[in-house]
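Grab a pencil and have a look at the protein below. Try each exercise yourself before you read its solution.

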Amino acid sequence: MVCAPRRRRTRAFTLIELLVVVLIMGVLAGLVTTTVPPGDRAVLATEAQRLARLLELAAAQAQAAGMPLRWSAGAAGYQFAAYRAEAGWAPPDGGEVWRARSWPPGIAVTRVAIEDAPRRAPLALYFYPGAPPVLFSIELTLGAERMRVAMSPLGTVRALVMDEAVDDAPSRP
(Lines give C-alpha, C1' and ligand atoms only; values in the text may rest on other atoms or scores of the structure.)
Protein backbone atom coordinates (compact mmCIF):
# COMPACT_ATOMS: atom_id res chain seq x y z
CA MET A 1 0.00 0.00 0.00
CA VAL A 2 1.36 3.26 -1.10
CA CYS A 3 0.49 6.22 1.01
CA ALA A 4 0.20 9.63 -0.49
CA PRO A 5 2.53 12.07 1.07
CA ARG A 6 0.82 14.27 3.61
CA ARG A 7 0.61 17.87 2.69
CA ARG A 8 1.49 20.31 5.32
CA ARG A 9 -1.22 22.84 5.62
CA THR A 10 -0.12 26.36 6.28
CA ARG A 11 -2.16 28.24 8.79
CA ALA A 12 -3.93 31.33 7.36
CA PHE A 13 -6.96 33.47 8.08
CA THR A 14 -10.17 32.65 6.33
CA LEU A 15 -12.22 35.24 4.52
CA ILE A 16 -14.88 35.08 7.24
CA GLU A 17 -12.33 35.80 9.96
CA LEU A 18 -11.00 38.81 8.04
CA LEU A 19 -14.51 40.17 7.47
CA VAL A 20 -15.33 39.86 11.18
CA VAL A 21 -12.17 41.79 12.11
CA VAL A 22 -12.99 44.55 9.59
CA LEU A 23 -16.56 44.73 10.92
CA ILE A 24 -15.34 45.06 14.51
CA MET A 25 -12.86 47.79 13.51
CA GLY A 26 -15.64 49.67 11.70
CA VAL A 27 -17.95 49.51 14.72
CA LEU A 28 -15.18 50.74 17.03
CA ALA A 29 -14.31 53.60 14.66
CA GLY A 30 -17.99 54.59 14.53
CA LEU A 31 -18.21 54.61 18.31
CA VAL A 32 -15.12 56.78 18.64
CA THR A 33 -16.39 59.38 16.15
CA THR A 34 -19.81 59.62 17.79
CA THR A 35 -18.43 59.96 21.31
CA VAL A 36 -15.94 62.73 20.47
CA PRO A 37 -17.90 65.99 20.74
CA PRO A 38 -17.30 68.67 18.12
CA GLY A 39 -15.08 71.56 19.12
CA ASP A 40 -16.31 74.99 20.17
CA ARG A 41 -15.59 76.43 16.74
CA ALA A 42 -17.71 73.79 14.96
CA VAL A 43 -20.65 74.22 17.35
CA LEU A 44 -20.51 78.00 17.06
CA ALA A 45 -20.16 77.88 13.27
CA THR A 46 -23.17 75.59 12.97
CA GLU A 47 -25.33 77.84 15.13
CA ALA A 48 -24.16 81.02 13.37
CA GLN A 49 -24.93 79.48 9.96
CA ARG A 50 -28.36 78.38 11.16
CA LEU A 51 -29.13 81.85 12.50
CA ALA A 52 -27.89 83.50 9.28
CA ARG A 53 -30.12 81.28 7.11
CA LEU A 54 -33.15 81.87 9.34
CA LEU A 55 -32.68 85.65 9.35
CA GLU A 56 -32.24 85.70 5.57
CA LEU A 57 -35.38 83.57 5.25
CA ALA A 58 -37.27 85.96 7.57
CA ALA A 59 -36.31 88.94 5.39
CA ALA A 60 -37.45 87.10 2.25
CA GLN A 61 -40.65 85.89 3.94
CA ALA A 62 -41.57 89.43 5.02
CA GLN A 63 -41.24 90.57 1.41
CA ALA A 64 -43.09 87.59 -0.09
CA ALA A 65 -45.96 87.46 2.41
CA GLY A 66 -46.29 91.22 2.81
CA MET A 67 -46.25 90.78 6.58
CA PRO A 68 -43.75 92.22 9.08
CA LEU A 69 -41.59 89.68 10.91
CA ARG A 70 -39.64 90.17 14.13
CA TRP A 71 -36.68 88.24 15.51
CA SER A 72 -36.06 88.67 19.21
CA ALA A 73 -33.37 87.11 21.36
CA GLY A 74 -32.54 86.66 25.00
CA ALA A 75 -30.00 84.80 27.10
CA ALA A 76 -31.81 81.47 26.67
CA GLY A 77 -32.59 81.62 22.94
CA TYR A 78 -34.51 83.38 20.19
CA GLN A 79 -37.87 83.39 18.47
CA PHE A 80 -39.72 84.81 15.48
CA ALA A 81 -43.06 86.60 15.43
CA ALA A 82 -45.29 87.90 12.64
CA TYR A 83 -47.48 90.99 12.92
CA ARG A 84 -51.16 90.64 12.14
CA ALA A 85 -53.50 93.62 12.52
CA GLU A 86 -56.09 91.54 14.37
CA ALA A 87 -53.71 89.73 16.73
CA GLY A 88 -50.55 91.82 17.00
CA TRP A 89 -47.22 89.96 17.26
CA ALA A 90 -47.70 86.18 17.29
CA PRO A 91 -45.74 83.13 16.16
CA PRO A 92 -45.75 83.00 12.35
CA ASP A 93 -47.31 80.19 10.35
CA GLY A 94 -44.78 77.75 9.03
CA GLY A 95 -44.35 75.23 11.80
CA GLU A 96 -40.89 73.93 12.51
CA VAL A 97 -38.99 76.66 10.64
CA TRP A 98 -40.24 79.47 12.87
CA ARG A 99 -40.27 77.64 16.21
CA ALA A 100 -38.61 79.21 19.25
CA ARG A 101 -35.02 77.96 19.62
CA SER A 102 -32.64 77.69 22.54
CA TRP A 103 -28.98 78.61 22.24
CA PRO A 104 -26.70 75.57 22.50
CA PRO A 105 -24.98 75.38 25.92
CA GLY A 106 -22.30 78.03 26.32
CA ILE A 107 -23.28 80.24 23.37
CA ALA A 108 -23.92 83.87 24.24
CA VAL A 109 -24.87 86.97 22.26
CA THR A 110 -22.15 89.42 23.25
CA ARG A 111 -22.86 92.35 20.96
CA VAL A 112 -25.64 93.53 18.68
CA ALA A 113 -25.53 96.54 16.37
CA ILE A 114 -28.63 97.48 14.40
CA GLU A 115 -28.65 100.34 11.91
CA ASP A 116 -30.48 103.43 13.24
CA ALA A 117 -31.48 101.67 16.48
CA PRO A 118 -30.95 103.32 19.87
CA ARG A 119 -28.26 101.65 21.97
CA ARG A 120 -30.67 100.62 24.74
CA ALA A 121 -33.34 99.23 22.42
CA PRO A 122 -34.56 95.68 23.08
CA LEU A 123 -32.72 92.94 21.23
CA ALA A 124 -35.01 92.63 18.20
CA LEU A 125 -34.75 92.83 14.42
CA TYR A 126 -37.73 93.88 12.32
CA PHE A 127 -38.23 92.86 8.70
CA TYR A 128 -40.83 94.96 6.87
CA PRO A 129 -42.32 94.29 3.44
CA GLY A 130 -41.18 96.75 0.80
CA ALA A 131 -38.44 98.19 3.02
CA PRO A 132 -34.71 97.97 2.25
CA PRO A 133 -32.76 95.55 4.42
CA VAL A 134 -31.84 96.82 7.86
CA LEU A 135 -28.13 96.36 8.40
CA PHE A 136 -27.27 94.52 11.57
CA SER A 137 -24.43 92.64 13.19
CA ILE A 138 -24.85 89.99 15.90
CA GLU A 139 -21.77 88.69 17.70
CA LEU A 140 -21.93 85.16 19.12
CA THR A 141 -19.31 83.62 21.41
CA LEU A 142 -18.56 80.18 22.72
CA GLY A 143 -15.49 79.91 24.89
CA ALA A 144 -12.70 81.74 23.07
CA GLU A 145 -14.41 81.43 19.68
CA ARG A 146 -16.30 84.39 18.21
CA MET A 147 -18.49 84.71 15.12
CA ARG A 148 -20.56 87.47 13.63
CA VAL A 149 -23.86 87.17 11.78
CA ALA A 150 -24.34 90.25 9.60
CA MET A 151 -26.73 91.59 6.95
CA SER A 152 -25.14 93.10 3.84
CA PRO A 153 -26.63 96.09 2.01
CA LEU A 154 -27.72 93.65 -0.71
CA GLY A 155 -29.88 91.72 1.72
CA THR A 156 -27.73 88.62 2.21
CA VAL A 157 -26.95 87.42 5.71
CA ARG A 158 -23.57 85.84 6.35
CA ALA A 159 -21.87 84.15 9.27
CA LEU A 160 -18.29 85.36 9.60
CA VAL A 161 -15.44 84.23 11.80
CA MET A 162 -14.47 87.35 13.73
CA ASP A 163 -11.04 87.40 12.01
CA GLU A 164 -12.90 87.91 8.70
CA ALA A 165 -15.18 90.62 10.07
CA VAL A 166 -13.79 93.99 9.12
CA ASP A 167 -15.96 96.70 10.62
CA ASP A 168 -17.42 96.98 14.11
CA ALA A 169 -20.91 98.21 13.28
CA PRO A 170 -23.16 98.14 10.26
CA SER A 171 -23.23 101.26 8.13
CA ARG A 172 -24.43 102.20 4.69
CA PRO A 173 -21.90 103.39 2.12
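Here come four exercises, each with a worked solution.

Before you start, know that this is a predicted model, where local features need pLDDT of at least 70, side-chain atom pairs count only at pLDDT 80 or more, and totals for chains, interfaces and linings use all residues. Residues are numbered from 1 along each chain as its sequence is written, and side-chain values use heavy atoms, with hydrogens and water left out.

**Exercise 1. List the helices and strands in order, then check the span of α2.**

Step 1: Get the terms straight. Helices (H or I, at least four residues) and strands (E, at least two) are DSSP runs, numbered from the N terminus.

Step 2: Count them. You should find two helices and nine strands, and from the N terminus on they run α-α-β-β-β-β-β-β-β-β-β.

Step 3: Work out the expected span, which is 1.5 Å times one less than the number of residues in the helix. Helix α2 (residues 40-65) has 26 residues, so 38 Å is expected. From first C-alpha to last, α2 reaches 37 Å, close to that value.

**Exercise 2. Describe the loop residue Gly-66.**

Step 1: Place it. Gly-66 lies in the loop between α2 and β1, and just after α2 it takes a positive phi of about 65 degrees.

Step 2: Is Gly-66 buried, exposed or partly exposed? Buried means under 20% relative accessible area, exposed over 50%, and partly exposed in between (1.4 Å probe, protein chains only). Gly-66 has 49% relative accessibility, so it counts as partly exposed.

Step 3: Look for its contacts (heavy atoms within 4.5 Å). Leaving out residues up to four places away in sequence, Gly-66 touches Gln-61 and Pro-129.

**Exercise 3. Work out the strand order of the open four-stranded sheet and find what packs on it.**

Step 1: Two strands pair if DSSP finds at least two bridges between them. Following the pairs gives the order β5-β7-β8-β9, with antiparallel pairing.

Step 2: Why do β5 (108-114) and β9 (157-161) each have a side without a neighbour in the sheet? They stand at the edges with a single partner strand each, so one side of each is left free of a neighbour there.

Step 3: Zoom in on one pair. Strand β8 (residues 145-151) is joined to β9 by five bridges, and Arg-148 stands opposite Leu-160 in β9.

Step 4: Now add the helix. α2 packs on the sheet, touching β7 (136-142), β8 and β9, and its direction makes about 10 degrees with that of β8. For that angle, axes are lines fitted to C-alpha atoms, for helices over the stretch in contact, and angles run from 0 to 180 degrees between N-to-C directions.

**Exercise 4. Explore the largest nonpolar core.**

Step 1: A nonpolar core is a set of buried Ala, Val, Leu, Ile, Met, Phe, Trp, Tyr and Cys residues joined through side-chain atoms within 4.5 Å. The largest one has 32 residues, and Leu-55, Trp-71, Phe-127, Phe-136 and Val-149 touch the most other members.

Step 2: Which element gives the largest share of this core? That's α2, with nine residues.

Step 3: Follow one residue. Leu-55 is among the buried residues of α2, and its contacts beyond four places in sequence include Trp-71, Phe-80, Phe-127 and Val-149.

Step 4: Finish with β2. Six of its eight residues are buried, so β2 is largely enclosed by the rest of the structure.
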